[in-house]
Amino acid sequence: MRSSLTKRFTLAAGGAAATLALMTACTPGSSSPEPAAPAATSGGSSSSSSGSGADDGTITIGFSGPAADHGWLGAINTAAIAEAEKYPEVDLIVAEGTNDANLQISQVETFINDGVDAIVLLPTDGAALTDVATRAMEAGIPVINVDREFSSTFAARTTVLGDNYGMGVSAGTYICEQLGDNKDAVIAEIAGIDSLPLTQDRSQGFADALDDCGLEVTNRVAADFTVQGGEAAASQLLSAAPKIDAIWNHDDDQGVGVLAAIDAAGRDEFFMVGGAGSANVMRSIQADDTVLKATVIYPSTQAADGIALARLLVKGEGLGDLVESSVPRVVQLDAPVVTKENVDIYLPTAFES
């Protein structure tokens with residue numbers, strides 16, 4: 001058994017691997033057929049038929065996700081590693097982040113060949129990673145799918161999701177509440193990448209919530225989840241709309257550029273709601289010194305939750321406060337609105353843009 005003060009994280013790119021020893025103080029609904037819970041194996045060691053990991057109690061979990069080229073994705077990786085540090089028995093293998101689906105497939109194949117006990121996978125492309133995830137499940141390795149869904153229910157034992165549609169509903173509901181009976185209000189929307197289903201879901205939820213209170217989006221532009229894209233899109237929006245009452249910006253990373261454009265234009269007749277829940281946005285909400293008055297959470301803890309669930313699956317345990325004795329097939333996280341009144345609750349787990 002390893003020392004409780006040392007946790008090993010193997011950084012793997014495809015089949016190549018380098019080892020990083022981190023010194024840490026350890027602190028103690030689908031209608032589709034459900035795949036059988038697999039028995040896990042561990043890196044060449046024999047495992048019990050109950051799927052309890054290696055004979056020495058070590059639980060080896062492989063984690064692969066996209067490149068951390070966005071504040072939220074960086075927080076996903078950091079939170080996953082921090083969660084693994086909580087459990088002395090967990091040995092986390094972290095593959096190099098990549099936006100290349102073929103490289104990510106090879107990483108998962110390496111996890112399968114190494115006989116890890118479980119895989120937590122945030123795919124760069126859910127459809128492209130479905131086949132290799134299915135192969136892992138068929139090899140008896142439970143897969144926890146994070147954020148971007150596979151195209152087959154047989155590719156994952158459990159799926160952890162944010163709520164993109166719910167984000168839009170939360171943002172729209174908050175805006176309706178703030179505007180009251182102003183049926184002539186001008187509502188603007190700065191979306192993310194329009195081709196992505198997640199953006200489409202957010203916009204649909206926003207439109208549905210506004211419709212419920214008799215409002216609609218009158219000015220809409222799309223950005224690309226970057227600071228530069230947010231600034232360009234916001235500049236275009238502000239030029240086209242001489243009066244605005246409220247703006248929903250889908251993403252707090254691109255919101256850095258949105259706020260820069262607003263400052264440059266000298267506009268402050270509206271209030272703005274952000275999206276995802278970055279720490280810098282929450283601090284601004286706390287200070288109440290900009291047009292930004294709220295943001296909607298899209299949890300950056302999804303992969304960390306995946307690590308915790310992977311551990312429970314390998315140990316054959318369920319969630320402690322549920323009557324059900326096994327881990328659920330789908331876990332969908334909430335999309336709450338953060339305002340000046342409740343920001344202290346959410347700031348400690350927020351990510352930095």
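Is glutamate 83 buried or exposed? At 11% relative accessibility, glutamate 83 counts as buried. The close-up views below start from this residue and move on through the other contacts of this predicted model.

**View 1. Glutamate 83 and lysine 86 form a salt bridge.** Here the closest N and O atoms are 3.0 Å apart. The two ends of this bridge are worth a look one by one. Glutamate 83 is buried, with 11% relative accessibility, whereas lysine 86 is partly exposed, with a relative accessible area of 39%. This is one of the 13 salt bridges that the structure holds.

**View 2. Arginine 267 meets glutamate 269 in a salt bridge.** The N to O distance between these side chains is 2.8 Å. Arginine 267 counts as buried, because its relative accessibility is 15% and the cut-off for a buried residue is under 20%. Its partner, glutamate 269, is partly exposed, with a relative accessible area of 36%.

**View 3. Lysine 315 and glutamate 317 make another salt bridge.** For this pair of side chains, the N to O distance is 3.9 Å, and a salt bridge requires that distance to be within 4 Å. Lysine 315 is partly exposed, at a relative accessible area of 33%. Glutamate 317 is partly exposed too, at 36%. Elsewhere, Glu109, Asp131 and Arg135 are joined into one network by salt bridges that share partners.

**View 4. Tryptophan 72 and tyrosine 298 form one of three aromatic pairs in the structure.** The ring centres of tryptophan 72 and tyrosine 298 lie 5.5 Å apart, and the planes stand at 40°, so this pair is tilted. Tryptophan 72 belongs to helix α1 (residues 71–85), while tyrosine 298 belongs to the loop between β12 (292–297) and α9 (302–315); the pair therefore ties together parts that are 226 residues apart in sequence. Both tryptophan 72 and tyrosine 298 are buried.

**View 5. Phenylalanine 206 and tryptophan 248 are a tilted aromatic pair.** Why tilted? The planes of the two rings are at 50°, with the centres 5.0 Å apart, and planes from 30 to 60 degrees apart count as tilted. Phenylalanine 206 is found in helix α5 (residues 197–212) and tryptophan 248 in strand β10 (residues 246–249), so the contact ties together parts that are 42 residues apart in sequence. Phenylalanine 206 is buried, with a relative accessible area of 0%. Tryptophan 248 also counts as buried, at 0% relative accessibility.

**View 6. Arginine 202 places its charged end over the ring of tyrosine 298.** The charged end of arginine 202 is 4.9 Å from the centre of that ring. You have already met tyrosine 298 in View 4, where its ring pairs with that of tryptophan 72.

**View 7. Cysteine 176 and cysteine 213 form a disulfide.** The count of disulfides in the structure comes to one. The sulfur atoms of cysteine 176 and cysteine 213 are 1.9 Å apart, and with -65° about the S-S bond, the link is left-handed. Cysteine 176 lies in helix α4 (residues 164–179), and cysteine 213 lies in the loop between α5 and β9 (217–222), so the disulfide ties together parts that are 37 residues apart in sequence. Cysteine 176 is buried, with a relative accessible area of 11%. Cysteine 213 counts as buried as well, at 17% relative accessibility.

Conventions
Residues numbered from 1 in each chain as written. Predicted model: local features only at pLDDT ≥ 70, side-chain atom pairs only at ≥ 80, totals over all residues. Heavy atoms only, no water. Phe/Tyr/Trp six-rings, centres within 6.5 Å; stacked < 30°, edge-to-face > 60°. Helix = DSSP H or I, 4+ residues; strand = E, 2+ residues; numbered from the N terminus. Buried < 20%, exposed > 50% of the residue type's maximum accessible area, 1.4 Å probe, protein only. Lys NZ or Arg CZ within 6 Å of the ring centre and 35° of its normal. Disulfide = S-S within 2.5 Å.
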